[in-house]
Amino acid sequence: MDLRHAAIAVVIPALNEAASITRVIDALPLPAASVIVADNGSTDATAALAAAAGARVVREPQRGYGAACLAALAVAGDARIIVFLDADFSERPEQLVELVAPILDNRADFVLGRRVGHGRPWHALAGTWLCVTAINRLWGTGYRDLGPFRAIRKDALDRLQMQDRTWGWTIEMQVKAAEAGLLTLELPVTTRPRIGQSKISGTVRGTVRAATKMLATIARLGLTRGQRRFT
Ligand SMILES: Nc1nc2c(ncn2[C@@H]2O[C@H](COP(=O)(O)OP(=O)(O)O)[C@@H](O)[C@H]2O)c(=O)[nH]1
Ligand SMILES: [Mg+2]
């Protein structure tokens, strides 16, 4: 599939990922110019390496996964599809082709990469299970993961009016996608151990902290459910 003219922007939030960022950009089946790296205050060479690889770099000094994604979206211009991908090379960037295909074929608005394979510790799997189960109970959805590697039509994403600036980002997108009635697909993506140091699920403590924030996000979205309108 030739994706060069498909108007895709790839958003990569990154915090101190100098060991992996170049490999992620190089492995993408798209020109590096369509990649936006949101550098979240890295103290290593992440930003310089991303720029050297040909990506656009935006800097978001305020920490937070969602804050970085929002900063990248602000410069995404006239992209018609947005792909989100982590900077740690734990996913296979070439699988972008599989994630965008259903959108290009008008079979989906939103395609979620469900992580299969190695590299995720038991506590990360347990935390994900807990959050996914809570979402499915509350919203009647059939999600199986909250993975970072995902593709969404830009006009659909705009309708969701994303706000979360931290680890609730992926959850907010899924919950609002269900509420807005987006046509959603979950496809397997293969994971492997990340390069470099995990900032979240590398320790039990990190996972518990992230999962606590995620459950708070789910509770908040549940309580404010009636207040949202999607035009
Ligand atoms: N923007 C932003 N990105 C972060 C932050 N912490 C981690 N990341 C990025 O988010 C992704 C997931 O983080 P990671 O450390 O791999 O967590 P793990 O997958 O749970 O081990 C990576 O691309 C990180 O560079 C943060 O505070 N802000
Ligand atoms: Mg990771």
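Strands here are DSSP runs of E, at least two residues long, numbered from the N terminus. Keep in mind that this is a predicted model. With that in hand, let's start at Gly 117, which sits in strand S5, the run covering residues 110-117.

How buried or exposed is Gly 117? Count the other C-beta atoms within 10 Å and you get 14. A residue needs 20 or more to be called buried and 12 or fewer to be called exposed, so Gly 117 lands in between, as partly exposed. Leaving aside residues up to four places away in sequence, Gly 117 touches Thr 190, Thr 191 and Arg 192. Ala 18 is another matter: 99 residues separate it from Gly 117 in sequence, and the two C-alpha atoms are 24 Å apart in space.

Now go over to helix H3, residues 65-73. H3 is mostly covered, with nine of its nine residues buried. Among them are Tyr 65, Gly 66, Cys 69 and Leu 73. And what does the covering? The list includes four strands you can pick out on the model, S1, S2 (35-39), S3 (56-59) and S4 (81-84), along with helix H7.

H3 also has a part in the surroundings of ligand 1. Together with strand S1 (8-14), H3 is one of the elements giving two or more residues to the shell around that ligand. Which residues come nearest to ligand 1? Out of the 20 around it, they are Asn 40, Ala 68, Ser 198, Ile 200 and Ser 201. Ala 68 is also on the list of buried residues in H3. Sorted by class, the shell is a mixed bag: nine nonpolar, five polar and six charged residues.

Next up is H7, which spans residues 169-179, and how it packs against other helices. Two packed helices are described by the angle between their axes and the distance between the axes. Take H5 (residues 122-139) to begin with: its axis comes within 11 Å of the H7 axis, and the two cross at roughly 20 degrees. Angles under 35 degrees count as roughly parallel, so that is the label for H5 and H7. The crossing is right-handed. On the H5 side, the contact is made by Cys 131, Ile 135 and Trp 139, and on the H7 side by Ile 171, Gln 174, Val 175 and Ala 178. Six of these residues are nonpolar and one is polar, with no charged residues in the contact.

H8 (residues 204-223) is another packing partner of H7, at an angle of about 30 degrees and with the axes 9 Å apart. These two are therefore roughly parallel as well, and their crossing is right-handed. Here Ile 171, Glu 172 and Val 175 of H7 meet Met 214, Thr 217, Ile 218 and Leu 221 of H8. The class count for this contact is five nonpolar, one polar and one charged.

Finally, look at Thr 166, in the loop between helix H6 (154-160) and H7. Thr 166 is partly exposed, because 15 other C-beta atoms lie within 10 Å, short of the 20 needed to be buried. Beyond its sequence neighbours up to four places away, Thr 166 touches Gly 64, Tyr 65, Gly 66 and Lys 213. Two of those names should ring a bell: Tyr 65 and Gly 66 are among the buried residues of H3. As for Val 11, it is 155 residues from Thr 166 along the chain, with 15 Å between their C-alpha atoms.

Conventions:
Residues are numbered from 1 along each chain as its sequence is written. Chains are lettered from A and ligands numbered from 1 in the order in which they are written. This is a predicted model: local features need pLDDT of at least 70, side-chain atom pairs count only at pLDDT 80 or more; totals for chains, interfaces and linings use all residues. Two residues are in contact if their C-beta atoms, placed from the backbone, lie within 7 Å. Axes are lines fitted to C-alpha atoms, for helices over the stretch in contact, and angles run from 0 to 180 degrees between N-to-C directions. Angles under 35 degrees count as roughly parallel, over 145 as roughly antiparallel, 65 to 115 as roughly perpendicular and the rest as oblique. A crossing is left-handed if the near helix is turned anticlockwise from the far one by less than a right angle, and right-handed if clockwise. Ala, Val, Leu, Ile, Met, Phe, Trp, Tyr, Cys and Pro count as nonpolar, Asp, Glu, Lys and Arg as charged, and the others, Gly among them, as polar. A residue is near a molecule or strand if its C-beta atom, placed from the backbone, lies within 6 Å of it.
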